[in-house]
Amino acid sequence: MLKTQEISINVGPQHPSTHGVFRIVLKLDGETIVDAEPVVGYLHRGIEKLAEDRTYTQVIPYTDRMDYLGAMSYNLGYVQAIEKLMGIEVPERAEFIRVIATELSRIASHHVFLASMCLDMGSYTGWMYPFRDRELVLELLEMLTGSRMTFSFMRIGGVADDLPEGFIEKTKQYLPKILEGVDEEEGLIAGNEIFIARTKGLATVSVEKALAWGWGGANLRASGYKFDLRKNRPYSVYDRFEFDIPTGANGDCWDRFYLRLAEIRQSVKIIEQALEMIPEGPIMAKVPKVIKPPVGEVYHEVEAPKGILGYYVVSDGSTKPYRMHVRRPSFINIGMLKELLIGTKLADFITIFASIDVVLGDVDC
Amino acid sequence: MGENLFVGMAKGLRTWLESNHFLPIVTDVFLMLLAVVGVLGFLFLNALFLIYYDRKFGAWVQARLGPNRVGPRGIFQTVADTLKLFAKEIFIPNNVDRWPYLLAPVLIFTIPVMLFLVIPFGKGMVPYDLNLGVLYLVAVTSVETIVLWMAGWSSNNKYSLLGAMRSVAQMLSYEMPVIFAMLSVVMMAGSMKLSDIVAAQQKVWFIFLQPVGFLIYFIAVNAEFKRTPFDLVEGESEIISGPYTEYSGMNFALFFLAEYTNFMIGAIMVTTLFLGGWNAPFGWTFIPSWLWFIIKMYFVITLYMWTRWTFLRIRIDQMLNFAWKFLLPVSLVNIFVTGVGLYLYRMIRW
């Protein structure tokens, strides 16, 4: 009998496919993972603590830096939480602009998901195509906000800017291209035999387990649970749009991948409707110059690209939040990682990690 | 025109040397060295061009531009990259096993050079026409595993070790289908000499007589030379760079160049065994045989690149299953069918 030995390897924080600075210590028996110990915190900037020392408006740029790939939802969640606390009524036009911006940002985030999952599985071409399409989205967002990733576009009571001239036409022109790109990606990657073989049945998560771990968003829907905050507890003006909630069947990596493709289509649908329905009017509510919410606390959830994003803000009546806590979906998603990994192969670790869609700025906050 | 360009040059040189009353041994050694230089030149130039071609082809597949700054259309990009790597420090980490670590990049490059010994580049253009050419190809190719294992083990890095283990598993599994697919060709040609195999394809290429064998060989060679979807040994997103992880500077460049020369060898072997080698199709002999050889080689290379830029990486257990449970049985059946077919063919003929 040959003497065999388990080896433990340290993956990250500097590794090509840990999406930033995630670290995990894997114990391997050959190529099979027998134990995994995730280590997070390499990108911790203490945003929650920093927020306590900033005025309510000054916190907005910090929210961008959590999930920098889909930052608009983070802006939205924060400003809506404060508006809820202060009882501010946001003008219609501003709500529509918010929806358009948020959905564009969601598409961009999903593009990065599709791309990085392909790259992690060894398909460089699968990485390039979504990034080509993401460029269109970023162009639109840049036109709207002046920035490509960290927008800081939302304001308490409205948005920073009205739609620029030509934005609606350009968006209408770009949306079909984005849909085309999704079809192309589906043909190239989702129809690939090797891709299917590597993702189908891998890391299956049942609905009960997903709920028990607090998963939300696309990851939860991939397990077959139809729950989307935009439909179930509509915020902003989401209740006025017609769109479906795509769900998966098995909750494996394949479903989680395919769901994002489907969600891009739904987001495009929402933007198309919003562009048709957008009313004229002001983009900012009447908000006092110095924002001083009444004493109290508020919790507000929105559907971020990566799951359910919640802001818990406590106000002591001053100009600065007394305490802010953010329920970051990536941090919730990554919790189950260890359980999913055991028994899989080393290459599967990369696939699973990519499929649960985390961004490290959001994990560590 | 051009058909006898290289052969004629060699012959002329030999006559000239002999007429100047050099010792016969001097003449032989000189011509041999010239052949070596020729092969090395062919190899280096092609490897340099291949890297550029791969990047341009990849760019074309991926709707981007690719290298376009150094020289016209970026043609000198690889030259610049290689020069840069020359200038880099060859960094040796602590605790590596020094000798194997330094020897591996040198040895890895000798293997493809050795393989060129038996390749028929054109009519009468074989460096050395070995009787057991096919066997030689198989034997020398499999030595690469040892070198990769040397690199992986001596690097004293777990990622390198994993990569090296993968390379051994991969080579062991895919050697079988490669050999059996070659065997079907050898059965048809009745010889292991590569020039005989090329000569046997004068009328019909073996790809038409051995379509299954061709497919098996095409896939298995891709796996043997570790190209996507079988690039598990390098597996960038999993194990950083496999056995190459700890190498820098020119050592790394040698691995890189060897990868591309291996790739070239794979294409050459497909060309020689299945696409008629230097034989001209449709009797178009106005294009010299060595040019046909290069054209076919680049055609196969393009096919491989297309595969590479379209597919994603297969998982290790799937790769092994594919070799042992699919390719191997199919290649055995193929050999059986080939044998029966040959027997029947001879019966009817006589």
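This is a short talk on a predicted model with a chain A and a chain B.

Some housekeeping. Residues count from 1 along each chain as its sequence is written, and chains are lettered from A, with ligands numbered from 1, in the order in which they are written. Because the model is predicted, local features need pLDDT of at least 70 and side-chain atom pairs count only at pLDDT 80 or more, while totals for chains, interfaces and linings use all residues.

I will start with chain A. It has 15 helices and eight strands; these are DSSP runs numbered from the N terminus, H or I over at least four residues for a helix, E over at least two for a strand. Its C-alpha atoms fill a box of roughly 80 × 45 × 35 Å along the principal axes. The radius of gyration is 21 Å, which agrees with the value near 21 Å for a compact globule of 365 residues. That radius is taken over C-alpha atoms, and the globule rule is 2.2 Å times the number of residues to the power 0.38. Of the 365 residues, 51% are buried. Buried means 20 or more other C-beta atoms within 10 Å of the residue's own, exposed means 12 or fewer, and partly exposed is in between, with C-beta atoms placed from the backbone.

Now two helix pairs in chain A, both involving α4. Which way do α4(A) and α11(A) run relative to each other? They are roughly antiparallel, since α4 (residues 92–120) and α11 (residues 253–277) pack at about 160°, and the cut-off for that word is over 145 degrees, with under 35 roughly parallel, 65 to 115 roughly perpendicular and the rest oblique. The axes are 9 Å apart. Axes here are lines fitted to C-alpha atoms, for helices over the stretch in contact, and angles run from 0 to 180 degrees between N-to-C directions. Residues making the contact include F96(A), L104(A) and F113(A) from α4(A), and F257(A), I264(A) and I271(A) from α11(A). Contact means C-beta atoms, placed from the backbone, within 7 Å. By class, this one has 16 nonpolar, two polar and four charged residues. For the classes, Ala, Val, Leu, Ile, Met, Phe, Trp, Tyr, Cys and Pro are nonpolar, Asp, Glu, Lys and Arg are charged, and the others, Gly among them, are polar.

The second partner of α4(A) is α14(A), residues 346–355; the axes come within 9 Å and cross at roughly 180°. This pair is therefore roughly antiparallel as well. Here S116(A), M117(A) and D120(A) meet I350(A), T351(A), A354(A) and S355(A). Those residues divide into three nonpolar, three polar and one charged.

On to chain B, which has 13 helices and zero strands. Its box is roughly 65 × 60 × 45 Å. For 350 residues the globule value would be near 20 Å, and chain B has 21 Å, which agrees. Buried residues are 43% of the chain. One of them is I219(B), with 21 other C-beta atoms within 10 Å; I219(B) lies in α9, residues 211–224.

Last, the interface. How many residues of chain B are in contact with chain A? There are 22, and they touch 26 residues of chain A. On the chain B side, the elements giving two or more residues are α10 (236–239), α12 (289–310) and α13 (316–349). By class, that side has nine nonpolar, five polar and eight charged residues.

Technical notes
Two residues are in contact if their C-beta atoms, placed from the backbone, lie within 7 Å.
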